[in-house]
Amino acid sequence: MDFYGFYTGKIFDAHEYLGAHSLDEGTVFRTFAPGASRVALIGEFNNWKEQEMQKVSDGNFWECRVPGAKEGMMYKYRIYDRAGNPADHCDPYGFGMELRPGSASIIRRPGAWKFHDEKWMKERTDCRNRPLNIYEIHFGSFKKPSDEPDAWYSYEEMTDILIPYLKENGYNYLEIMPLNEYPCDQSWGYQSTGFFSPTSRYGTMDQLKYFVDACHQNEIGVIMDFVPVHFAVDVYSLANYDGTPLYEYPNSAVGVSEWGSCNFMHSRGEVRSFLQSCANYWLTEFHMDGLRMDAVSRAIYWQGDPARGVNSNAVNFLQFMNSGLKALHPSAILAAEDSTSFPKVTEPVSSGGLGFDYKWDMGWMNDTLDYFRTAPEYRSRDYHKLTFSMMYYYDARFLLPLSHDEVVHGKATILQKMNGDYNRKFPQGRAFYMYMYAHPGKKLNFMGNEIGQLREWDEKREQDWMLLDYPIHSGFARFMKDLNRLYLAHPALWEKDYDGDGFRWIDCRQESSCVYVLERTGKKERLLAAFNFSDQEQSYELTPDRDCRLKELLNSDLSIYGGKTKRKKASALAVKKGESTALALPPFSGVYYLVE
């Protein structure tokens, strides 16, 4: 390992030296604990009796070679602080961990699995000029084998469950909430204890690789949630690791996050090297196609509060990590969960940006959901909540998220957020999603949204798949499936997401009728979308700027989706330049037309 690079926060391969690594016979263990007075190794191979580790290199690293330590065996480091007080810790660089409430690391061998995804990896891109339709899941509650709290399908079992579902429903990327090891189910993985350890809830390192490999062979990309800002407070993990605040701030005013976890001290080179190596590890070892980085706003600003100022060390860390990851993995996706107006989040680091490929558009999400919560009689007043996003849209490369955060903790599910009673929520939900998919930006939808889930997400229960037995829900699911497939098939909806000529408002001045008309343009295709978000039927007079034909592609009010319009025989409407043509728009509806 480049020790100078480690201390100065410049390396991305610290995990190749630190942790437990197999030898021709046995295993070598190494840990970084500069504040320790003594370190001992305990594990299954020595009957959990202390085996002294020796100082190596500059005295800040500890090492022990054990001939009898084999793959699959558990171990811990017993670290004595300067006063001689011991604490047992899992390995910060451990490649496996036992299931909670256990806290031991497990010897695993990176590199043993042989992938069969050469074609996918060669052709993979960051999807800037391709469709990106992401299905976000919590791995343990998409479907469950039983109602038992600890009943989960394994990584391998989910291969046959999830991949056919994604393909059938028109999603080409999967985003998985954190798969690092974590002790508290309710944290969903965002308070980690094993940053290099795939959670044992669902199996082993190689089983996860099997899952990712299978996704790639079915042309599905896999993005993983990565948490570079904070970590769990559990005493067996990173907190006070060597008897000193090695990874966290010594001052609780900035050292404790709003979630009660420890904030990483990004000014320390050793911490930077740890996180950079971890990010690189998931992209390299597991062939992950990208990382969604959690809570980026809490790195940009002290405690996420702009009033407290920019954390320049953390910003510098993000820039260096992102530029390094893109150099190592040019086609991998780096997405920022960031709700701030901090500039240049998706600009290259060479231009002073943070180097992300995409930024979550939290403004679009909040404004749009607020609009659909509002009763129809007040939507004229709030009409421009839906036009505001295009005032700032080209400031960054935005991704439109309807994530897990929007369907928990009393916020209600996406369909529940639609105004009105049960029956009125469904047409509004269909129109809402058509608007989302017509709006520029890549798409992300959390599991269950596509079936009209009405119960808030609970990590202990699977999604309410029995809803598909009800016609109104099965119709909604069919609509979402058709919308997703149409999105993937029509370049006008994604080819020029970030080009100024890829979108234009045809009409966004129909406040009284709550009608919106827009156009999306690709290199060889034009698509017109018309929406009526009022509760009254509207007749919109379209006056085209050229002779053309309008071929209906999708109508959210069709009876097959639960609407009232009977499917018509496919035909194209001829319209002439400068002549008005009436478009009939039922209440709470959207229509896509291919412009020929």
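# Notebook: a walk through a predicted model

**Two helices side by side.** I started with helix H12 (residues 422–438) and helix H13 (residues 471–489), whose axes come within 11 Å and cross at roughly 5 degrees. Angles under 35 degrees count as roughly parallel, so H12 is roughly parallel to H13. I keep in mind that this is a predicted model.

Next I listed who meets whom. From H12 I noted Tyr422, Asn423, Phe426, Gly429, Arg430, Tyr433, Met434 and Tyr437, and on the H13 side Ile472, His473, Phe476, Phe479, Met480, Leu483, Asn484 and Tyr487. Sorted by class, the contact of H12 with H13 has 11 nonpolar, 4 polar and 1 charged residues.

**The barrel.** In which order do the 8 strands of the barrel run? I read it as S10-S11-S14-S17-S18-S19-S20-S21, with parallel pairing. On average, neighbouring strands here are turned by 25 degrees against each other, direction ignored.

I then checked how the ring closes. Strand S10 (residues 133–137) pairs with strand S21 (residues 442–446) in the parallel sense, over 4 bridges. One spot to click on is Asn133, whose bridge partner in S21 is Lys443.

**Helix H4 and its lysine.** Helix H4 (residues 205–217) lies across strand S11 (173–176) and strand S14 (221–226), and I noted that H4 runs at about 140 degrees to S14. Lys209 has its place in this helix.

Is Lys209 buried or exposed? Its relative accessible area is 1%, so I put Lys209 down as buried. Leaving out residues up to four places away in sequence, Lys209 touches Pro110, Gly111, Trp113, Phe115, Glu285 and Phe286. I also looked up His287: it sits 78 residues from Lys209 along the chain, yet their C-alpha atoms are separated by 7.8 Å.

**The open sheet.** I moved on to an open sheet of 4 strands, ordered S1-S2-S6-S5 and paired in the antiparallel sense. Its edges are strand S1 (19–22) and strand S5 (54–56), each of which pairs on one side only. Neighbouring strands in this sheet are turned by 30 degrees against each other on average, direction ignored.

At one edge, S5 pairs with strand S6 (residues 61–66) over 3 bridges, antiparallel. Lys55 has Trp62 as its bridge partner in S6.

**A covered strand.** How many residues of strand S13 (residues 194–198) are buried? I count 5 of its 5, so the strand is mostly covered. S13 pairs in the antiparallel sense with strand S12 (residues 180–181), over 2 bridges. There, Glu181 has Gly194 in S13 as its bridge partner.

**Cysteines.** I looked for disulfides and the structure holds 0. Cys278 is in none: the nearest cysteine sulfur, in Cys90, is 13 Å away. Cys278 has 0% relative accessibility, so I call it buried.

Why is Cys514 without a bond to Cys508? The sulfur of Cys508 is the closest cysteine sulfur to that of Cys514, but at 13 Å it is too far for a bond. Cys514 counts as buried too, at 2% relative accessibility.

Cys548 got a longer look. I found Cys548 in strand S26 (residues 548–555), buried with a relative accessible area of 10%. Not counting residues up to four places away in sequence, Cys548 touches Leu573, Ala574, Val575, Val595 and Glu596. With Val575, the gap in sequence is 27 residues, while C-alpha to C-alpha the two are 5.6 Å apart.

**Backbone oddities.** I closed with a few loops. The peptide bond from Arg100 to Pro101 is cis, with omega near 10 degrees. Pro101 lies in the loop between strand S8 (86–89) and strand S9 (105–106).

Asn47 is not a glycine, and still its phi is positive, about 60 degrees. I found Asn47 in the loop between strand S3 (38–43) and strand S4 (51–52). Its relative accessible area is 61%, so Asn47 is exposed.

Ala295 has a positive phi as well, of about 55 degrees, without being a glycine. This residue is in the loop between strand S17 (290–293) and helix H7 (297–300). Ala295 has a relative accessibility of 3%, so I noted it as buried.

Note on methods
Residues are numbered from 1 along each chain as its sequence is written. This is a predicted model: local features need pLDDT of at least 70, side-chain atom pairs count only at pLDDT 80 or more; totals for chains, interfaces and linings use all residues. Side-chain values use heavy atoms; hydrogens and water are left out. Two strands pair if DSSP finds at least two bridges between them. Axes are lines fitted to C-alpha atoms, for helices over the stretch in contact, and angles run from 0 to 180 degrees between N-to-C directions. Contact means heavy atoms within 4.5 Å. Angles under 35 degrees count as roughly parallel, over 145 as roughly antiparallel, 65 to 115 as roughly perpendicular and the rest as oblique. Ala, Val, Leu, Ile, Met, Phe, Trp, Tyr, Cys and Pro count as nonpolar, Asp, Glu, Lys and Arg as charged, and the others, Gly among them, as polar. A disulfide is a pair of cysteine sulfur atoms within 2.5 Å. Buried means under 20% relative accessible area, exposed over 50%, partly exposed in between (1.4 Å probe, protein chains only).
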